[in-house]
Amino acid sequence: MKKSLVIVVVALMLLAGMQVSAAEPIVVGAIVDLSAATALWGQSQARGIEMAIEEYNAAGGLLGRPLELKVYDFKMDVQEGITAYQRLANQDKASVILGAPVSNLLLALAPIADQVKVPIVGEPSDQRATTKSPGQPWPYIFASQATCVDYGETAASYAIYELGLTQLAVINNKGNAWADEIAEAFIAYAKEHGATIVSREAFNWGDTDFRSQLSNIQRAQPEAIFVPEYLQEASQITRQAREMGMDMVILGPNSYTPPMVELIGSAADNVYFVNNVAFDLPQIKEFTARYVEKYGIEPTVNAYFGYDNAVIALEAIRRADSANSQEIRDALEKTENVQGLIFNYTFDPVTHRTDEFIATVIKIENGEYVTVGQYKPVKK
Amino acid sequence: MKEQPKTLLQMNNVTMRFGGVVAVNGVNINLSEGRLAGIIGPNGAGKTTVFNLISGVYDPVEGDIRFRDQVISGKSPSEITHLGIARTFQNIRLFKGLNVFDNVKMATNCRTEYSFMEGVLGLPRVWRQEKESAAEVERYLELVGLLGYENTWPENLAYGLQRKLELARALATKPALLLLDEPAAGLNPTEIRELMDIIRRIHKELDMTILLIEHHMDMVMDICEELWVMNFGKVIANGDPEHIQREPEVLRAYLGS
Amino acid sequence: MNSYLASILIFTGINLISVLGMFLLMGLTGLLSFGQVGFMAIGAYVTAISYMRFGLPFGAGLLLGVGVSLLVGLVIGTVTLKLRNDYFALATYGFAEVIKNVLIYFSGYTGGSMGVFGIPAIVTLPMVIVIFLAALVLCRNFKVSKLGRNSLAIRNDELAAKVMGINTFKQKLLVFLFSAVFGSVAGSLLAFSTYYIEPNMFNWSKSVELIVIVFFGGINSLTGVVFAGMALTLLPEILHFGAEWRMVIYTAIIIVTMIYRPTGLFGRWELSLSQILGWIKGRRKSAVGRGGQGA
Amino acid sequence: MLVQQIINGLSLGSVYALMAVGFALVFSILKFSNFSHGSVIMLSAYLGLWFSNRFDVGLFPTLLVCMIGGGTIAVIIEKIGFKPIRDKNGPLIYLFVSSIAISMFLQYLMTALLGGRFFMYRPLLKSSSWRFAGITIPIVNLAMLAASIVALVFLLYVLYRTTIGIAIRAAATDLSTPNLLGININMLISITFFISGALAGIAGLFLGMSLNVYPQLGGLVLKAFVATVVGGLGSLGGAVIAAFLLGLLETMITAYIGGAVTPMVSFTVMILFLLFKPEGVAGLLGLSSGSATQKL
């Protein structure tokens, strides 16, 4: 007992000594959900970030300094997210902050970041998180992902122009901003492009049974149902629809990524969804394999986002040649041709997002994810 | 005894039923002001129900109850308390979250005049009235012999003291009519004698009309000026104690013959 | 001041204001309510919308929010407080859900699920502290006056309270409205310190957090509730080292405390001004408030 | 269409009912809303998932394991989370708060342990629904309907025809009565929690089979709370019927008015109902034992 205690103490002292001797690390912060309903995404994202940081550290860090990652859980609570951001900026002196797989936190953080002046790289699909007013971005917020509008329009365009489906139904949680924004974009695009929304159904947070809405949809006889929903709801809607004999095409956003098929099996067949990335890309396959080996579990798409956000931020540090938040921010704005897993990122300085969204449409067939190809919505 | 005493409480043909059970059946009671009176009768005779009817816990199915010529049946318990009727409970119902002092003080609340807003703002009137109440509480505690127990929690009091506390609490509403539901239940002979003295003092010093339910016959016969005897929900006799003791109906009810 | 510390203190203060109202309603009066978060939502939305859309100053918007909360509270209270207490609990839960639903549904005014965005930073730490202290004084006055005694009497034995002359319905309604004011004010402050509000911020789990704080501190002790509010808002910050185990440790601490102190951490103990003065003067007064240390 | 919606309503009601029986049982005896019931459902779902996968067994062995497991978990929760409070004579409401804290704890625990992952049962039933004449009947929900009715009948039998049941009912009016009858009150409460937990186990298995298995699965217990309160006076029959009515109400609002307003309309209907029928569903159907409106 005593011996092991001595060993531990010595080891701790050695560690402490090493830290002092090494150069002061550059602190990278991350805010994710590790304990609430989206913990699955948050954890995946945190690990993706961790893998990026480890890669850079293995290559000697940046500016001759090691990188230190600080991950804070915010349990989907905006108040906690704000204190986490403040803590990272003020207490931990983070140079740049990554994260939040959901938009609402970044909507709250945008004006705060304006004062605190530590940039955030996340993937809010709500455009308001990066755009203060048309033509004016929030200076400290950057997004690696496309907007809800992009997702909605791409799905609608694909249904109309590629699948030739014009009788469409939409079901989503009216309380889920992300889902509702995608749904509205889908509907607007579909109407503009000559399709008909034959049924528009809504449900609420916490609902698990969608048969009543699905019965209404069934009666309207759509050719496809659009389900822009989180994993749990999307899986239930799809499964219950199939149970009711609704074999039509189901369209969705990237929540149909794994583990969807694992959960609902053959019910997921005949689903087309809009994703950011093709799973059969070599870099994705390689990364996924490393992830599985390291953590013993399949990643969700959030791991790729996390990794890419980290790469974008770290490359900005490299370009800025400084750990100063202000200079990193300026460098982030000039992000150009930064190769991540998903994209080759170039930020538009006006929107603080990728300048172009190229979606990958994936079809689920016999329980397999089949990449149909890259797709850009038809614009009128 | 005064000449032509005024009627304080009047129950006219009051009936109360629970489901199919008639608990009180056409009861008539006329209680004069200034009396110290009692209701006696075997268990289940409907005595406590009469109290519950007077204090507004139940509304009678038939008949009416008047207090100072005003109909009170149908009014809520708190309204009736405001009109000047207070009571104690057979199974002691003290407020466990309040200490002895506050148990009595809360009963003065119904007479304090400050409003909710004044209360939360803590305006001077609040403190003045709180002070007055506190002084009153001391008096009542002194009267029942609970001085020195102010900061005790009621559940930590001996049983006899809890009974006294209930009494003090009822007094603190400053009633004209005090209803005591078995005040001597569970007390030992010494405590009963003490209680009788207290009740007499209240009757005389505070000039209160008192109606009590009691099983201790010695006590009832000793202190009550007038009695009603109930059996099976009905009043079977009424009169002064000497008269009641001779009433054959009463003897039958008690001997169960 | 460090803006991290400031934001923690602001949120602690806002939570405490809301919790104080719940303490009066659930602690002293014994009415189980899941509705506080609904009044927070009303306060937040009314203040934010009246500021953003109609240019009403923050203070006026806050008062308007209080007005709307009182109106809504009056309807719910009048309808349900005469019924059994568990109907009141159900009604308040329903009320909070309905408010959320209304905010989502009438999106033309509220922004629906997208919420209200870009609310300016008007709330400052001194403002929160002043309002909190004012709320604390009101609560203390409530507790030591007849209002507090009435509430405790109702909680213990509603019928006996009635017989002692308390209009229990009126008292319950007033306390409910009073606590709604606290919730509404807290909501207004919240909106202007998170800069963004959405309906889902005001959900059931938020109510539950507030309920736990009230009972953690003790249903009889204002001091306990204030302490619990501070401790339980700060604890998650301290526990960040636990990463994904953070909330597990947090809830475990709550459960263990409740098992060991089933009347709340502070029982009936209250800190009084004279005691504080006593300590300052260095007198060795025994630290026992009126009533002593509760079991 | 109407027929299908009625079936939808009953199938949703069966989910609520199965949760409500166990919830109402504890509510009727200990007089508090036991929100940890949801956690027992959630943990049982994980237990059944693990068991059916690990040992590759069918529905009935899994059901048995879920019932025993759920019952055991509920008893453990009672011993750890409620008994100490009862022993120290803590206010009743602390049991309720403790149950909330426990359910939060278990939800966070499972999230931390499994990283918020979602799981699915392998198919324990040959098919998941019956379809004929354009009507779909989900089989798992049918099983839930059967289970809640069987559970209700069984409980009513136990409560009204057995010694232990009479003791439990006596405890429901006054917790000290069974002591007078020479029955150990702690034993009685343990039995009550075991039965309630076993019902949660059934609910856990069926919910896990029809939804997915995830840490927030127990959140549905709020509907059981609603059904139990609307049911009235802790009446088991009232709670079950209220659960079905709630399911039908929500379904009909969603079908004919729109899912976006379901919470608004359903809560308004419920409050109006309670205003006019203050005894709840139990009073409506004469299920209550007729306790007086004023108690002394």
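This talk covers two interfaces in a predicted model: one between chains C and D, one between the two domains of chain A.

Let's start with chains C and D. The contact draws 42 residues from chain C and 45 residues from chain D. The two chains bury about 3900 Å² between them. Of that area, 82% sits on carbon and sulfur atoms.

Who pays on the chain C side? The residues that lose the most area to chain D are C:Tyr87, C:Leu90 and C:Pro262. Together they account for 16% of what that side buries.

Now the polar side of this interface. How many salt bridges does the rule find between chain C and chain D? Zero. Polar contacts do turn up: 10 residue pairs across the interface, with both residues at pLDDT 80 or more.

Next, the elements. Five helices of chain C each supply at least two residues to the side touching chain D. They are α3 (58-80), α4 (85-105), α8 (158-163), α10 (204-217) and α12 (246-260). Which of them gives the most? That is α4(C), with 12 residues. By residue class, the chain C side splits into 30 nonpolar, seven polar and five charged.

On to chain A, and an interface inside one chain. Domain 1 runs over 23-146 + 281-349. Domain 2 takes 148-275 + 359-374. Each domain is therefore written as two segments, by the automatic or database assignment behind these bounds. The domain centres, taken over C-alpha atoms, are separated by 29 Å.

The contact takes 12 residues from domain 1 of chain A and 12 residues from domain 2 of chain A. Buried area here is about 970 Å², with 58% on carbon and sulfur atoms. On the domain 1 side, A:Trp41, A:Ser125 and A:Val301 lose the most area to domain 2. Together they make up 40% of what that side buries.

What about salt bridges between these domains? The rule finds zero. Polar contacts come to three residue pairs, again with both at pLDDT 80 or more.

Two elements give two or more residues to the domain 1 side: α2 (39-58) and α11 (301-320) of chain A. The residues on that side divide into six nonpolar, five polar and one charged.

To recap. Chains C and D bury about 3900 Å², with zero salt bridges by the rule. The domains of chain A bury about 970 Å², also with zero salt bridges by the rule.

Key
Residues are numbered from 1 along each chain as its sequence is written. Chains are lettered from A and ligands numbered from 1 in the order in which they are written. This is a predicted model: local features need pLDDT of at least 70, side-chain atom pairs count only at pLDDT 80 or more; totals for chains, interfaces and linings use all residues. Side-chain values use heavy atoms; hydrogens and water are left out. Contact means heavy atoms within 4.5 Å. Buried area is the accessible area (1.4 Å probe) that two parts lose on being put together, summed over both. A salt bridge is a side-chain nitrogen of Lys or Arg within 4 Å of a carboxyl oxygen of Asp or Glu. A polar contact is a pair of N or O atoms within 3.5 Å; within protein, one must be able to donate a hydrogen and the other to accept it, and residues adjacent in sequence count only if both atoms are side-chain atoms. Helices (H or I, at least four residues) and strands (E, at least two) are DSSP runs, numbered from the N terminus. Ala, Val, Leu, Ile, Met, Phe, Trp, Tyr, Cys and Pro count as nonpolar, Asp, Glu, Lys and Arg as charged, and the others, Gly among them, as polar.
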